[in-house]
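Have your viewer ready and a selection box open. We will go stop by stop, picking what to highlight next and saying what is there.

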Amino acid sequence: MSTTTTTVTEQQPARRLEKGYIGQSIPRREDKRLVQGLGTFFDDVRRHGMGYVHFVRSPYAHAKIISIDVSKALELDGVYGTITGDEVAIHTDPFFEMSVEPGGNIKDYALAVGRVRHSGEPVAAVCAATRELARDAADLVEVEYDPLPVLVDAAESLKDETILHDDAGSNTVWSGVFDWGDVDSALAEADHVVKIERLHFHRFSSTPLECAGALVEYDKGTAEWTLHCNHQMPGVGAIWMAPALRTGIDKLRFVTQDIGGGFGNKICLHPQYVVLCLMARKLGRPVQWTEWRTDQHTANAHGNERTFMDIEVGVMADGTMTGFRVRALDDCGAFPRYEPLGCIIWAQVTPGLYGWRNIRVDFTQVCTNKSPVSPNRGYSRMQHLWLTERIIDIVATELDLDPVEIRKKNYVKTEQMPYETPNGCFYDSGDYAAALDIALELIDHGSIEERRKEAASRGKLLGFGIGSTLDSGTNNFGQSTLLNPDLQFSGNNEAASVKLDIFGEVVVTLGTVPQGQGHETTSSQVVADILGCSPEQVNVRRGHDTWFNSHAGFSGTYASQFAFTGLGAVKGAAELLRGEMVQLAAAVLQAPEEAIELADGFARIKDGPEEAALPFMALGAIVNANNAFLPPDFNPTLNHRYVCRPYFGMVDTEKKTGQLTLTYATQIHAAVVEIDPDTGVVDVVDYAAVDDCGIRINPQIVEGQVHGATAHALGAALSEEFVYDEEGTLLTSNFYDYHVPHALDMPPLKTGSMESPSPVAPLGAKGMGEGGGGGIHCVCSAIQDALASAGKAIVYTSCNPPHRVWSMLQDPEATRANVSVESR
Amino acid sequence: MSSRTISLEVNGEAIEYDVPARRLLVHFIRDDLGLTGTHVGCDTGNCGACTVHLDGTAVKSCMLLAVQADGSRIATVEGLAGEGELTALQRAFNEHHALQCGYCTPGMLMSATALLEQNPHPSEDEVRVALQGNICRCTGYVNIVEAVVAVGEDTA
């Protein structure tokens with residue numbers, strides 16, 4: 001009988017496979033079903049007798065709940081049942097909080113209990129026979145509210161004049177000081193100190209086209225729930241859900257198939273999923289919920305909003321920057337959920353791409369009456385990288401330095417790799433200056449001044465800007481202990497299994513949860529190279545299923561880590577299988593193992609006679625169906641599970657240092673914009689994105705990720721913003737008001753690439769895909785450059801739609817008052 | 001809830017169905033007919049994931065009631081190619097990596113197919129105009145536009 005073996009090893013030294021399918025842009029395996037409309041997304045799953053769930057949501061941003069009356073809803077024919085916050089408080093426990101006090105005392109339930117804290121917060125759920133009926137019935141639920149003062153500004157929140165969470169007693173979730181090097185001396189010794197009072201990184205999200213949802217079934221006999229869903233990080237989702245539901249983690253089976261985009265926004269779905277679990281158990285029927293677009297915008301997952309204050313940067317006469325200090329105020333919305341991890345994740349890229357050795361960040365996170373945040377593509381690092389790029393350009397503007405030269409002077413040099421940052425992270429490889437040169441060539445940097453004149457002749461302001469970013473991949477979850485030393489998280493892991501089935505099928509299951517990243521394709525490339533077959537012979541099962549038994553505690557697709565941990569697990573399992581296939585073939589062919597090669601779908605004797613070759617089918621059949629002749633002490637399983645567990649070492653909670661992440665892909669973006677001074681409209685007229693993620697398993701897929709990350713960044717830089725009014729109502733709650741780039745909005749993109757193999761990753765491939773928001777940084781940079789001849793405004797916010805640019809043109813001094821230089 | 005019986009042709013098959021008067025065409029296609037290739041991405045007619053052909057014209061099926069399709073001819077992504085076959089556009093989407101998560105893809109294919117029927121050799125700008133009602137959050141449209149233009153060039 002075949003069994004599954006599990007092997008866990010620490011990371012192997014990097015080894016590049018012989019030239020094979022790795023590195024080829026083979027067309028994606030996933031596409032055939034998707035272009036025929038035959039993909040299976042969660043909303044496509046049907047069950048007999050299923051009910052549809054609709055959430056009753058708060059119209060108030062902050063209010064006490066006086067009463068909830070569901071009786072009229074229950075009277076409607078076809079309504080199966082309801083759940084309110086009172087029931088949730090009885091049947092579940094609050095979700096686990098990661099913060100120390102005061103944030104750690106917050107009680108976050110699956111539905112509002114006693115009070116609502118953001119508009120759109122679910123207060124009750126209704127289940128009915130059809131989608132339409134559920135919505136009608138939800139309208140009949142009567143909720144009486146008593147409005148409370150609303151906090152939509154993090155700085156106001158910090159005053160604690162109104163408290164959102166009485167259990168915490170403060171709106172502060174987490175605060176702490178990160179102090180590396182000696183910033184006071186660095187500033188005292190600097191020739192210039194550039195001071196910036198305030199910069200603001202705005203609130204937006206990647207808004208995946210498929211909204212959140214799930215179909216949940218409950219098996220009363222086994223007390224198990226099955227969630228057909230689009231959660232992108234089920235390992236951690238289960239860690240939240242199971243204790244809240246007072247059950248074991250094995251009672252929650254997560255099944256994903258195709259997922260319509262995630263970008264981090266599908267990590268914090270546990271509140272809604274817990275309601276579905278309760279509803280399925282209460283009603284004894286499968287229940288389904290599909291989030292509405294408006295609900296996604298108002299109440300699911302926004303990116304972190306962050307204000308940077310009192311920035312001081314030390315600059316030497318030759319343009320060398322020695323250090324900076326800043327106060328950062330992060331707004332996580334009504335509940336921390338995945339937070340306060342954002343209070344440390346930025347530290348993976350503490351100095352950005354630069355050689356700053358002295359940095360102090362005084363970081364505070366507060367709650368406000370806005371949608372909770374969730375990791376969003378570039379999570380927390382993007383905000384910080386934007387700060388570093390803003391600093392560079394503001395220093396360049398104020399000290400009249402060339403933005404290209406100041407970058408090259410201060411970039412970490414390729415000969416310094418691996419480079420230890422002031423807080424103990426290691427930049428593994430890269431050549432930032434060389435990548436910048438490629439970007440400059442792509443946009444023909446030498447012609448900028450000529451183009452500026454030509455644009456001016458048409459009445460347009462032309463500007464050029466650079467965005468330098470790092471995409472840090474493969475998290476060390478131990479960094480959470482820098483926020484809360486009591487947390488029992490460290491390291492990382494991902495699992496995969498590879499088996500050879502009875503007819504010679506190579507079957508791969510992944511713990512990862514792809515949402516469009518092409519894991520089926522890239523996994524098949526890696527396995528094909530290791531086993532000596534074609535990718536078509538490798539069947540990578542779609543999606544994630546807890547019952548695959550190929551998942552680990554941190555399973556999921558997030559934080560740019562598939563190329564390391566996901567493919568590392570695939571590689572490890574395939575190599576174990578390969579070893580057994582060689583052993584088996586050697587036994588059958590009566591040859592030494594060294595003489596066996598796997599190639600073209602055969603195990604054969606190298607340079608041996610033609611008949612000395614076993615097709616994979618023969619190997620599969622021998623072990624699975626025809627094994628009586630195998631010696632008793634030889635028990636191959638041809639079925640291997642491997643856990644890729646990267647090695648980090650422990651973090652230092654006193655000094656707040658450690659290896660927070662393992663790989664650093666580089667992105668250098670460059671943009672040329674034209675601004676219409678009459679309207680403030682910004683037109684991106686030339687754009688280049690250079691990416692270096694080490695060895696590219698499938699260059700076409702890598703380039704696709706670069707395109708997508710760029711589009712997200714351009715949308716964020718120019719239009720996408722979650723805007724609240726003073727009552728806490730979201731003004732951009734759908735795709736009318738929240739404008740994402742359409743085909744006509746996108747400039748022509750030029751892409752370039754480099755390959756600086758990672759010395760630490762199993763395949764030399766770095767995680768990539770999130771990008772670091774390069775488009776936001778370079779567009780801000782280019783707008784500031786364009787405004788230089790029209791009053792020299794300072795770009796102080798990450799989102800610059802026409803009205804904001806127009807204001808900067810009208811009153812540049814208002815932004816310049818934000819900046820001063822002290823020269824010695 | 002009042003209902004109406006509607007008769008229509010869907011992907012070449014004649015269908016008669018008793019449908020609630022308020023039901024959106026997209027929900028009729030997905031939930032009643034089980035043609036789940038047509039997707040829902042927004043509440044407001046902005047995203048185009050639900051694009052189908054109604055009497056040969058690309059329409060957003062979330063902006064119509066099912067009863068409005070009475071007597072018409074509907075084509076969905078499932079009907080683009082014969083069983084087991086792919087159209088040149090579907091193949092081009094694969095070759096040019098014009099999809100990632102694949103959620104917007106059916107709508108993109110329906111809009112682009114309608115364009116190619118009207119204009120077999122569109123320029124890049126013409127493709128962008130034709131696809132402006134379809135949102136993709138993964139690709140930045142680069143490879144989608146490239147794929148559609150390539151099909152036009154191949155048939156030139």
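Start with chain A, and colour its three domains, bearing in mind that this is a predicted model. Domain 1 of chain A takes residues 5-9 + 493-645, domain 2 takes 43-148 + 211-259 + 267-299, and domain 3 takes 176-205 + 301-478 + 651-818.

Now keep domain 2 and domain 3 of chain A on screen. Their C-alpha centres are 36 Å apart. In the contact, 20 residues of domain 2 of chain A meet 24 residues of domain 3 of chain A. What classes of residue make up the side of domain 2 of chain A that touches domain 3 of chain A? On that side there are six nonpolar, nine polar and five charged residues.

**The sheet in chain A**

Next, select the strands β8, β16, β15, β14, β9 and β31 of chain A, listed here in their sheet order. Together they form an open sheet of six strands with mixed pairing. Which strands stand at the edges? They are β8 (172-180) and β31 (819-823) of chain A; each has a single partner strand, so one side of each has no neighbour in the sheet. Going from one strand to the next, the twist averages 10°.

Zoom in on β15 (residues 321-331) and β16 (residues 358-366) of chain A, which pair in the parallel sense over nine bridges. For one specific pair to label, pick D331(A): its bridge partner in β16(A) is V366(A). Then add helix α11 of chain A, residues 381-399, which packs on the sheet. α11 touches β9 (192-201), β14 (305-315), β15 and β31 of chain A, and the helix direction makes about 135° with that of β9(A).

**Where chain A meets chain B**

Bring chain B into view and select the contact between the chains: 45 residues come from chain A and 44 residues from chain B. On the chain A side, show α1 (31-35), α4 (131-140), α9 (293-299) and α18 (699-718), each of which supplies at least two residues. Which of the elements gives the most to the side of chain A that touches chain B? It is α18(A), with seven residues. If you colour that side of chain A by class, you will have 18 nonpolar, 17 polar and 10 charged residues.

**Inside chain B**

Hide chain A and colour chain B by its assigned domains, domain 1 (3-79) and domain 2 (88-154). The centres of these two domains of chain B, taken over C-alpha atoms, are separated by 21 Å. Domain 1 of chain B brings 15 residues to the contact, and domain 2 of chain B brings 11 residues.

On the domain 1 side of that contact, the elements giving two or more residues are β3 (51-54) and β4 (57-60) of chain B. β3(B) gives the most, with three residues. By class, this side of domain 1 of chain B has six nonpolar, nine polar and no charged residues.

For the last stop, select α2 (residues 88-95) and α3 (residues 105-118) of chain B. These helices pack at an angle of about 130°, with their axes 10 Å apart, which makes α2(B) oblique to α3(B). The crossing of α2(B) past α3(B) is right-handed. Show side chains for L89(B), Q90(B) and F93(B) on α2(B), and for T105(B), L109(B), A112(B), T113(B) and L116(B) on α3(B): these residues make the contact. By class, the contact of α2(B) with α3(B) has five nonpolar, three polar and no charged residues.

Terms used
Residues numbered from 1 in each chain as written. Chains lettered and ligands numbered in written order. Predicted model: local features only at pLDDT ≥ 70, side-chain atom pairs only at ≥ 80, totals over all residues. Axes fitted to C-alpha atoms, helices over the stretch in contact; angles between N-to-C directions. Helix = DSSP H or I, 4+ residues; strand = E, 2+ residues; numbered from the N terminus. Parallel < 35°, antiparallel > 145°, perpendicular 65-115°, else oblique. Left-handed = near helix turned anticlockwise from the far one by under 90°. Contact = placed C-beta atoms within 7 Å. Nonpolar A, V, L, I, M, F, W, Y, C, P; charged D, E, K, R; others polar. Domains from an automatic or database assignment. Pairing = 2+ DSSP bridges.
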